[in-house]
Amino acid sequence: MREFRVLFIFVDGVGLADPDPAINPLARAATPVLRSLLDGPLALPAPRRTASALLVPLDACLGVPGLPQSATGQVALLTGRNAPAHIGRHLTAYPTPSLAALLEVHGLFGALRRSGISVALANAYTPAYFDAVAARRLRHGAITLHALQAGVSLRTVADLAAGHAVYQDLTNERARDLGAPVPVVAPEEAGRNLGRIAGTHRFTIFEFFQSDLAGHRRLPDAGAVVERLDRFLGGVLEHVDAATTLVVLTSDHGNLEDERTTAHTTNPVPAVLAGARRDVMGGRLRSITDVAPACLRLLAGEAADDDEAGGRMPTQTAAVRPP
Ligand SMILES: [Zn+2]
């Protein structure tokens, strides 16, 4: 029997809100792949089941006052722990020593590797990135930090040039701006590359954060970012084996979906689940702290045939907050 795999596409700063094209680029942009998958745009904070996917809204606030933020949200996604409650607040940008310790002890990559499960981080890192970290102009975000903690190797420009990695902008243009000798690729090609990487590891993660930058207006055209992501997802879905691979697309907090603000939102975030065992996964998700335990359980904690077709997604009303 072929091995079950998970491809985790982390998209920073995307929540679920009303599909109002005037304020929500996810409703305005041309997203044929997402619309086909979900029978509509990636919007509305309500569970949805289609012929090929599940959409489960996840609480990202975790009972802690204030707007959810990236460092605590990503640590919650990666550890299954209530990271903002752990440090008493939502924290932006980079993990503190206390959050780094939480990642080290409870992080998903480490837990998977201790169970003998191969883990890949598909992002490519340029020499300029490592120079900036060495010069303390930049710190590792939660996903990169946890990869290093768990001994997951970081992919390089050479990997990127060979199609064995994906750049964070999906097209390599930003990597070229930083001096990396890599070809510009279409988002679909980047997606196919990610699909191929996901076929060689049991758990693969890719981090995309231009969505959050666009929500903060640090990129000019949020619609273009959404459309690039949609084309990328099309390439991914072309190349992963839906019979063996679960694609999980999720986020750490809302932002992009409401152009009335340049700040984060308290909206629930989507878990878009496509491919193998999506019903089982979907039935276990209520908040962003459920993602890592559900991935770990599916990959390491149970036989692959226990509830293959019988998983049902319960109604998710308890997890849904009004926008
Ligand atoms: Zn942000």
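**Exercise 1. His86**

Is His86 buried, partly exposed or exposed, going by its relative accessibility? Place this residue in the predicted model and list its contacts.

*Solution.*
Step 1. Find the element: His86 sits in helix α4, residues 83-87.
Step 2. Apply the cut-offs. Buried means under 20% relative accessible area, and exposed means over 50%. His86 has 45% relative accessibility, so this residue counts as partly exposed.
Step 3. Look beyond the neighbours within four places in sequence. His86 is then in contact with Ser98 and Leu102.
Step 4. Check one pair. His86 and Leu102 are 16 residues apart in sequence, and their C-alpha atoms are 9.0 Å apart.

**Exercise 2. The zinc site**

Which residues coordinate the zinc ion? Work out the geometry of the site and trace the donors along the chain.

*Solution.*
Step 1. List the donors. Asp212 supplies two OD atoms, while His216 and His264 each supply NE2. The distances run from 2.0 to 2.7 Å.
Step 2. Take the angles. Among the four donor atoms they span 53 to 139°.
Step 3. Compare with the rule. Four donors count as tetrahedral if all angles lie between 85 and 135 degrees. The range of 53 to 139° does not fit, so the site is irregular.
Step 4. Read the spacing along the chain: D-x3-H-x47-H.
Step 5. Locate two of the donors. Asp212 lies in helix α12 (residues 210-215), and His264 lies in the loop between β6 (245-250) and β7 (269-275). They are 52 residues apart, and the pair links distant parts of the chain.
Step 6. Check burial. Asp212 and His264 are both buried.

**Exercise 3. Two pockets**

What are the volumes of the largest pocket and the second largest pocket? Describe the lining of each.

*Solution.*
Step 1. Start with the largest pocket. Its space comes to about 920 Å³.
Step 2. Turn to its lining, which has 31 residues. Nearest the centre lie Tyr94, Tyr129, Leu138, Gln168 and Phe209.
Step 3. Sort the lining by class: 13 nonpolar, 12 polar and six charged.
Step 4. Name the contributing elements. Helices α3 (70-79), α7 and α12 each give at least two residues.
Step 5. Move to the second largest pocket, with a volume of about 190 Å³. Its lining includes Asp169, Glu173, Arg174, Asp177, Ala224 and Arg228. Two or more lining residues come from each of α10 (173-177) and α13 (222-239).
Step 6. Sort this lining too: four nonpolar, two polar and six charged residues.

**Exercise 4. Two loop residues**

Where is Gly141 found, and where is the place of Arg202? Classify both residues and give their contacts.

*Solution.*
Step 1. Place Gly141 in the loop between α7 (127-134) and α8 (142-150).
Step 2. Use the cut-off of 20%. Gly141 has a relative accessible area of 18%, so this residue is buried.
Step 3. Skip the neighbours within four places in sequence. Gly141 is in contact with Tyr94, Pro95 and Tyr129. Tyr94 and Tyr129 are also among the residues nearest the centre of the largest pocket.
Step 4. Relate Gly141 to Ala224. The two are 83 residues apart in sequence and 24 Å apart, C-alpha to C-alpha. Ala224 is one of the residues that line the second largest pocket.
Step 5. Place Arg202 in the loop between α11 (187-198) and β5 (203-208).
Step 6. Apply the cut-off again. Arg202 has 15% relative accessibility and therefore counts as buried.
Step 7. List its contacts, again leaving aside neighbours within four places. They are Glu3, Phe4, Arg5, Val6, Ile117, Ser118 and Leu299.

Definitions and conventions. Residues are numbered from 1 along each chain as its sequence is written. This is a predicted model: local features need pLDDT of at least 70, side-chain atom pairs count only at pLDDT 80 or more; totals for chains, interfaces and linings use all residues. Side-chain values use heavy atoms; hydrogens and water are left out. Donors are N, O and S atoms within 2.8 Å of the metal (3.2 Å for Na, K and Ca); water is not among the atoms, so sites may look incomplete. Four donors count as tetrahedral if all angles lie between 85 and 135 degrees; four count as square planar and six as octahedral if opposite donors are over 155 degrees apart and all others between 65 and 115; anything else is irregular. Helices (H or I, at least four residues) and strands (E, at least two) are DSSP runs, numbered from the N terminus. Buried means under 20% relative accessible area, exposed over 50%, partly exposed in between (1.4 Å probe, protein chains only). Contact means heavy atoms within 4.5 Å. On a 1 Å grid over the protein atoms alone, a cavity is a set of points where a 1.4 Å probe fits but cannot get out, and a pocket is an open set with protein on both sides within 12 Å along at least five of seven lines; lining residues have an atom within 4 Å of a point. Grid points are joined across faces, edges and corners, and a volume is the space filled by probe spheres set on the points. Ala, Val, Leu, Ile, Met, Phe, Trp, Tyr, Cys and Pro count as nonpolar, Asp, Glu, Lys and Arg as charged, and the others, Gly among them, as polar.
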